[in-house]
Amino acid sequence: MSELVARTGRHQQRYEAGYRLIAGCIPLRFRNMEENGGETAGKVVEVLMINSTSGPGLLFPKGGWENDESVEDAAIREAIEEAGVRGDLVHFLGYYFFKSKTLQDEYSPEGLCRAAMFALLVKEELECWPEQRLRRRSWLTIPEAIQCCRHPWMRQALEEGFSKWHDSGMASTMNNED
């Protein structure tokens, strides 16, 4: 089996109207809740966050969308590279805009970014992944994730995109797979 390697560099990076195009996801799973007697009382959704390599707080996997891939493929690739998870994209959460302090370049001199975010139902947690020496994974409930989220735009994706989709009942059709 070949070793997974993270893509680096910006030579294939996509830009549009002064924005660097980003793809990311909110990885999710369903965990059984137990009552005091030890019996299953239902399921709770948990989301996977990773540590930031540049400061405190937690993030969702995301990164540059490159010319040789679809936005969906880019989101799946980032989940593998940064969080070491594989799964299925189950819902497009929306576009989120932010300004990067570290990603200014000739194509986006102001560091403007547009992130396409998806919900990703995790099917597998990898033992080895490209950024495992840099990243720690944390499974959190939605309220915990809101509190730990480093970036306001990611918190918005979680609260306005993911939570509204989850609360609408659309995610509940997936939790019967276990």
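Modeller: A residue is called buried when its relative accessible area is under 20%, exposed when that area is over 50%, and partly exposed in between. The model discussed here is predicted.

Colleague: Why is Glu46 called buried or exposed, whichever applies?

Modeller: The relative accessible area of Glu46 is 6%. The cut-off for a buried residue is under 20%, so Glu46 is buried.

Colleague: What makes Arg31 and Glu46 a salt bridge?

Modeller: The rule asks for a side-chain nitrogen of Lys or Arg within 4 Å of a carboxyl oxygen of Asp or Glu. Between the side chains of Arg31 and Glu46 the N to O distance is 2.7 Å, so the pair meets the rule. Arg31 belongs to strand β2 and Glu46 to strand β3, so the salt bridge ties together parts that are 15 residues apart in sequence. Both residues also belong to a network of salt bridges that links Arg29, Arg31, Glu46, Glu125 and Arg137. By this rule, 12 salt bridges are counted.

Colleague: Why is Arg31 placed in its accessibility class?

Modeller: Arg31 has a relative accessibility of 36%. That value lies between the limits of 20% and 50%, so Arg31 counts as partly exposed.

Colleague: How do you know that Arg86 and Glu124 form a salt bridge?

Modeller: The closest N and O atoms of Arg86 and Glu124 are 3.6 Å apart, which is within 4 Å, so the pair qualifies. Arg86 lies in strand β6 and Glu124 in strand β7, so parts that are 38 residues apart in sequence are tied together. Asp88 forms a salt bridge with Lys123 as well, with the closest N and O atoms 4.0 Å apart. That pair likewise links distant parts of the chain, Asp88 being in β6 and Lys123 in β7, 35 residues apart.

Colleague: How are β6 and β7 joined?

Modeller: The two strands run antiparallel and are joined by 13 bridges. Within this pairing, Phe92 has Phe118 in β7 as its bridge partner. Strand β7 also pairs with β2, in the parallel sense, over 9 bridges.

Colleague: What makes β7 mostly covered?

Modeller: In this strand of residues 112-125, 10 of the 14 residues are buried.

Colleague: Why is helix α1 described as enclosed?

Modeller: In α1, 10 of the 13 residues are buried, so the helix is largely enclosed by the rest of the structure. Among the buried residues are Val71, Arg77 and Ile80.

Colleague: How do you know that the span of α1 agrees with what a helix should have?

Modeller: The expected span is 1.5 Å times one less than the number of residues. For the 13 residues of α1 this comes to 18 Å, and the end C-alpha atoms are 18 Å apart, so the two values agree.

Colleague: Why is Cys128 called exposed or buried, whichever applies?

Modeller: The relative accessibility of Cys128 is 57%. This is over the 50% cut-off, so Cys128 counts as exposed. Cys128 sits in the loop between β7 and β8.

Colleague: What is notable about the phi of Ala17?

Modeller: Most residues other than glycine have a negative phi. The phi of Ala17 is positive, near 50°, in a residue other than glycine. Ala17 lies in the loop between β1 and β2. Its relative accessibility of 75% is over 50%, so Ala17 counts as exposed.

Terms used
Residues are numbered from 1 along each chain as its sequence is written. This is a predicted model: local features need pLDDT of at least 70, side-chain atom pairs count only at pLDDT 80 or more; totals for chains, interfaces and linings use all residues. Side-chain values use heavy atoms; hydrogens and water are left out. Helices (H or I, at least four residues) and strands (E, at least two) are DSSP runs, numbered from the N terminus. Buried means under 20% relative accessible area, exposed over 50%, partly exposed in between (1.4 Å probe, protein chains only). Two strands pair if DSSP finds at least two bridges between them.
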